[in-house]
Amino acid sequence: MNFSLTNFNVSVSCIKTFLECPEKWYHIYVLKHKKAANYSERIGDRVHYFIEKGGITGVPLEPQEEAEAIKIFNSIDEKAKLFGLEATKEEWFKSLLRYKNYCSNFMAKIDAYKYYPESKTIKVIDWKTGKLFEDKLINLQLEIYSYFLFSQITDAEYFEGQYYYIKNKANGLKPYTYPYNETTQEPEVLKITREYALTDIKEKIDIIYSMMINYQTDRETKKQYKNKPNGLCTEKFCDAYEWCEKCR
């Protein structure tokens, strides 16, 4: 079968957007509608840079944004900072997804990971500058990371990952990591085995990709595609609001 490369890449954010709202996904990832980075995103990028470099350096943002980025960075636990400094940082992973006669680049950029050969364990910290909130898809990003890392590090048998919500930490809020112990609110990790990552998680990704392809092809054969809006179809909650026919 001859595969045709689609015009969209598949990533964690792409999958989460599709599962939240296929029409929003279509506008952002297929039609390439995109808003400029906002205040929080600029600060988040700056803090990631500090973590990667191990200190406050580089071209500063506007004074208010820079001051908040420095405050957030300085609040990080020294142990977590050290992991961020010693770990492999900001690395891209890539493979192909295939369905019918279509294929897409499947990509992920991992903030910080480290392999411990003595225990055959991969450890990951993903730095978050948003808020920790109830999210049914919260495990998805770490699950995808485990799939890529197990594919890359063939000796590894175990994966331990966590999100570190650095703005929560800066503001003295608990919990500031996920997962966490619900009783003590102390940090824990999401544990995944090689077998689960390379079978169950891969199967889940393949199914979602098939849904994306079917949605795109179905939508593009209908000249007047319209779906009912819901409570999240507002400018505040949807990055595709200004372009989306569903919201009109």
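This is a short dialogue on reading local features in a predicted model.

Q: Let's start with helix packing. At what angle do helix α1 and helix α6 pack, and how far apart are their axes?

A: Good place to begin. Two numbers describe such a pair: the angle between the axes and their separation. Here α1 (residues 12-20) and α6 (residues 140-152) pack at about 140°, and their axes are 10 Å apart.

Q: How do I turn that angle into a word for α1 and α6?

A: Look at which range the angle falls in. Angles over 145 degrees count as roughly antiparallel and 65 to 115 as roughly perpendicular, with the rest beyond 35 called oblique. The angle here is about 140°, and therefore α1 and α6 are oblique to each other. As for handedness, the crossing of α1 and α6 is right-handed.

Q: Which residues make the contact?

A: On the α1 side they are Val12, Ile15 and Lys16, while α6 brings Leu140, Gln141, Ile144 and Tyr145. Sorted by class, the contact of α1 with α6 holds 5 nonpolar, 1 polar and 1 charged residues.

Q: Now burial. How many residues of helix α2 are buried?

A: For burial, go through a helix residue by residue and compare each relative accessible area with the cut-off, under 20% for buried. In α2 (residues 22-30), 8 of the 9 residues pass that test, and the helix is mostly covered. The buried set consists of Glu23, Lys24, Trp25, Tyr26, His27, Ile28, Tyr29 and Val30.

Q: What do the buried residues of α2 pack against?

A: Their partners are α1 and α8 (194-220). So that you can place it in the picture, α1 is the helix that also packs with α6.

Q: How should I read a single residue, say tyrosine 39? Is it buried or exposed?

A: Start with location, then accessibility, then contacts. Tyrosine 39 belongs to helix α3 (residues 39-53). Its relative accessible area is 30%, so tyrosine 39 falls in between, as partly exposed.

Q: Which residues does tyrosine 39 touch, setting aside neighbours within four places in sequence?

A: Those are Gln64, Glu65 and Glu68. Glutamate 65 is 26 residues away along the chain, yet its C-alpha atom is 7.6 Å from that of tyrosine 39. With glutamate 68, the side chain of tyrosine 39 forms a polar contact of 2.7 Å.

Q: On to the backbone. Why would a positive phi or a cis peptide bond catch my eye?

A: Because most residues other than glycine have a negative phi, and most peptide bonds are trans.

Q: Where does lysine 32 lie, and what is its phi?

A: Lysine 32 sits in the loop between α2 and α3, just after α2. Although not a glycine, lysine 32 has a positive phi of about 65°. With 47% relative accessibility, lysine 32 is partly exposed.

Q: And what about lysine 100?

A: Lysine 100 is not a glycine either, and has a positive phi of about 55°. Its place is the loop between β2 (88-99) and β3 (102-116). Lysine 100 counts as partly exposed, at 46% relative accessibility.

Q: Which residues does a cis peptide bond join?

A: Check omega here. Lysine 174 and proline 175 are joined by a cis peptide bond with omega about -5°, and proline 175 lies in the loop between α7 (166-170) and β6 (177-178). Tyrosine 178 and proline 179 are also joined by one, with omega about 0°; proline 179 is in the loop between β6 and β7 (190-193).

Technical notes. Residues are numbered from 1 along each chain as its sequence is written. This is a predicted model: local features need pLDDT of at least 70, side-chain atom pairs count only at pLDDT 80 or more; totals for chains, interfaces and linings use all residues. Side-chain values use heavy atoms; hydrogens and water are left out. Axes are lines fitted to C-alpha atoms, for helices over the stretch in contact, and angles run from 0 to 180 degrees between N-to-C directions. Helices (H or I, at least four residues) and strands (E, at least two) are DSSP runs, numbered from the N terminus. A crossing is left-handed if the near helix is turned anticlockwise from the far one by less than a right angle, and right-handed if clockwise. Contact means heavy atoms within 4.5 Å. Ala, Val, Leu, Ile, Met, Phe, Trp, Tyr, Cys and Pro count as nonpolar, Asp, Glu, Lys and Arg as charged, and the others, Gly among them, as polar. Buried means under 20% relative accessible area, exposed over 50%, partly exposed in between (1.4 Å probe, protein chains only). A polar contact is a pair of N or O atoms within 3.5 Å; within protein, one must be able to donate a hydrogen and the other to accept it, and residues adjacent in sequence count only if both atoms are side-chain atoms.
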